[in-house]
Amino acid sequence: MPCWRRSASTCGTSAGSVRRPGRPDRAPPQGGALPMGGEERPVKTLFGKLADGTEVDRWSLENGGTRLKVLSYGGIVQSLEVPDRDGRYANVCLGFDRVEDYVASSPYFGALIGRYGNRMAKGQFTLDGKSYQLSVNDGVNSLHGGTQGFDKRVWDVEPFTKGSDVGLHLYYTSVDGEMGYPGTLKVKVTYTLTRHGEWRIDYEATTDKATVVNLTSHVYWNLGGEGTGTIEDHELRIAASRYTPTDSGLIPTGELAKVAGTPFDFRKGKRIGRDIRAGHEQQVLAKGYDHNWVLDKGITAKPEHVATLRDPSSGRTLKISTVEPGLQFYSGNFLDGTLTGTGGHTYRQGDALCLETQHFPDAPNHPSFASTVLRPGQAYRTTTIHSFGS
């Protein structure tokens, strides 16, 4: 039986629990430490249950000095630990300790996003002469796939080891009409930890009817450590000479504006806080940075380095490589102190940032943007790699 088993009709918030045969579950070693090396299989434990009794698993894996914990609910990265310049580990991702918090109040912490990452104007698009109305969940617009996007589905998960790599295959089937999108979309996402400690994401999808697809990951990064405060002293470099300005609803206007001479110029790298309160009209609309950068490299066959994030205090660095043409930099503008994370700290505005590789927001409504259309017989494939240093 193929691995595309989960769908809205069999899982998610109304699902029964699905289990795969294979190696029995193992408890993690004492203290939570996991052995190094690609030959060690990921460890599964029960994280919690949804209101209907559906079990949510947490998978723990480690390789090359990076420790990763992933939930079957939403494909969520619950934590990612890397060492600082002195070898001290810290979780550098925002998240929760309970599945109930992810269900009730998560602003997409660590989640897989689909069918369409970012915003769609008025939740509408036209494809092959037919108009589609999507689930609306951000004012009049559709955001990150709608009210029940991929971030709120329970995924099938298969662990694997391959040579010196270790990882997880995540599977989900989005049925025709789910959240208003046409076509049954079979999705496979692979999380790999390499022997060098890189976290690689490979996305794949096929459809039986013409549709639009734009998958991404919504991790909130703080390289100083989760709950340690502002990211304004982090240094960020983005290899992009243009960005896409938005209207008051954060929908792209269609313009590809130059970053030169604006607070949006990160080509040489700078402190995030240096210009975040510069008063630029676009910053006022977004309450900071929440825009798509048009990467200079465009769409590429293989991942290319497009962004570097560095925390001078800890020495930790994150380098992002991708095949995608866009990068959404979001500076945590809507964190408001009402959420308490895994370390027991409340998250306030600017306590983390997101760097989401993607095609452009609202692309189906902008013919000049790179197409996000997927047709039967085609395969959607995209890759993003996160490399860590200190």
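Is Tyr 330 buried or exposed? In this predicted model, Tyr 330 has a relative accessibility of 7% and therefore counts as buried, the limit being under 20%. I shall return to this residue after describing two of the sheets.

Let me begin with the sheet that includes the strand numbered 1. Five strands make up this open sheet, their order is 1-2-3-4-5, and they pair in the antiparallel sense. The edges are occupied by strand 1, residues 43–49, and strand 5, residues 89–91; each has a single partner strand, so one side of each has no neighbour in the sheet. From one strand to the next, the twist averages 20°. Strand 2 spans residues 55–63, and six bridges join it to strand 1 in antiparallel fashion. Within this pairing, Thr 45 has Arg 58 of strand 2 as its bridge partner.

A second open sheet, also of five strands, follows the order 19-18-21-24-27, again with antiparallel pairing. Here strand 19, at 257–258, and strand 27, at 354–358, are the edge strands; because each has a single partner strand, one side of each is left without a neighbour in the sheet. Two bridges hold the antiparallel pairing of strand 19 with strand 18, which covers residues 240–244. One residue pair to note is Arg 242, whose bridge partner in strand 19 is Lys 258.

I turn now to the nonpolar interior. The largest nonpolar core has 57 residues, and the members that touch the most others are Leu 80, Trp 199, Trp 221, Trp 293 and Phe 329. Strand 13, residues 185–193, is the greatest contributor to this core, with five residues. Another core, of 23 residues, lies apart from it; its members include Phe 47, Leu 50, Tyr 108 and Phe 109.

Next, a single loop residue. Leu 215 sits in the loop that joins strand 15, at 211–212, to strand 16, at 216–218. Its relative accessible area is 3%, so Leu 215 is buried. What does Leu 215 touch, not counting residues up to four places away in sequence? The contacts are Ile 113, Gly 114, Arg 115, Phe 150, Val 187, Tyr 203, Thr 357 and Tyr 380. Furthermore, the C-alpha atom of Leu 215 is separated by 5.6 Å from that of Gly 117, although the two residues are 98 positions apart along the chain.

That brings me to the aromatic residues, and back to Tyr 330. The structure contains 26 aromatic pairs. Two quantities describe a pair of aromatic rings: the distance of the centres and the angle of the planes. For Tyr 220 and Tyr 330, the ring centres are 6.1 Å apart and the planes lie at 85°, so this pair is edge-to-face. The pair links distant parts of the chain, since Tyr 220 belongs to the loop between strand 16 and strand 17 (235–238), whereas Tyr 330 belongs to strand 24 (residues 326–330), and 110 residues separate them. Tyr 220, with a relative accessible area of 2%, is buried, and Tyr 330 likewise counts as buried. Both tyrosines belong to one aromatic cluster, formed together with Phe 47, Phe 96, Tyr 102, Phe 109, Phe 334 and Tyr 347. Phe 47 and Phe 109 of this cluster are also among the members of the core of 23 residues.

Finally, two charged residues lie over aromatic rings. Arg 67 lies over the face of Tyr 89, at 3.7 Å from the ring centre. Lys 270 is placed over the face of Phe 266, at 4.5 Å from the ring centre.

Technical notes
Residues numbered from 1 in each chain as written. Predicted model: local features only at pLDDT ≥ 70, side-chain atom pairs only at ≥ 80, totals over all residues. Heavy atoms only, no water. Pairing = 2+ DSSP bridges. Helix = DSSP H or I, 4+ residues; strand = E, 2+ residues; numbered from the N terminus. Axes fitted to C-alpha atoms, helices over the stretch in contact; angles between N-to-C directions. Core = buried A, V, L, I, M, F, W, Y, C linked by side-chain atoms within 4.5 Å. Buried < 20%, exposed > 50% of the residue type's maximum accessible area, 1.4 Å probe, protein only. Contact = heavy atoms within 4.5 Å. Phe/Tyr/Trp six-rings, centres within 6.5 Å; stacked < 30°, edge-to-face > 60°. Lys NZ or Arg CZ within 6 Å of the ring centre and 35° of its normal.
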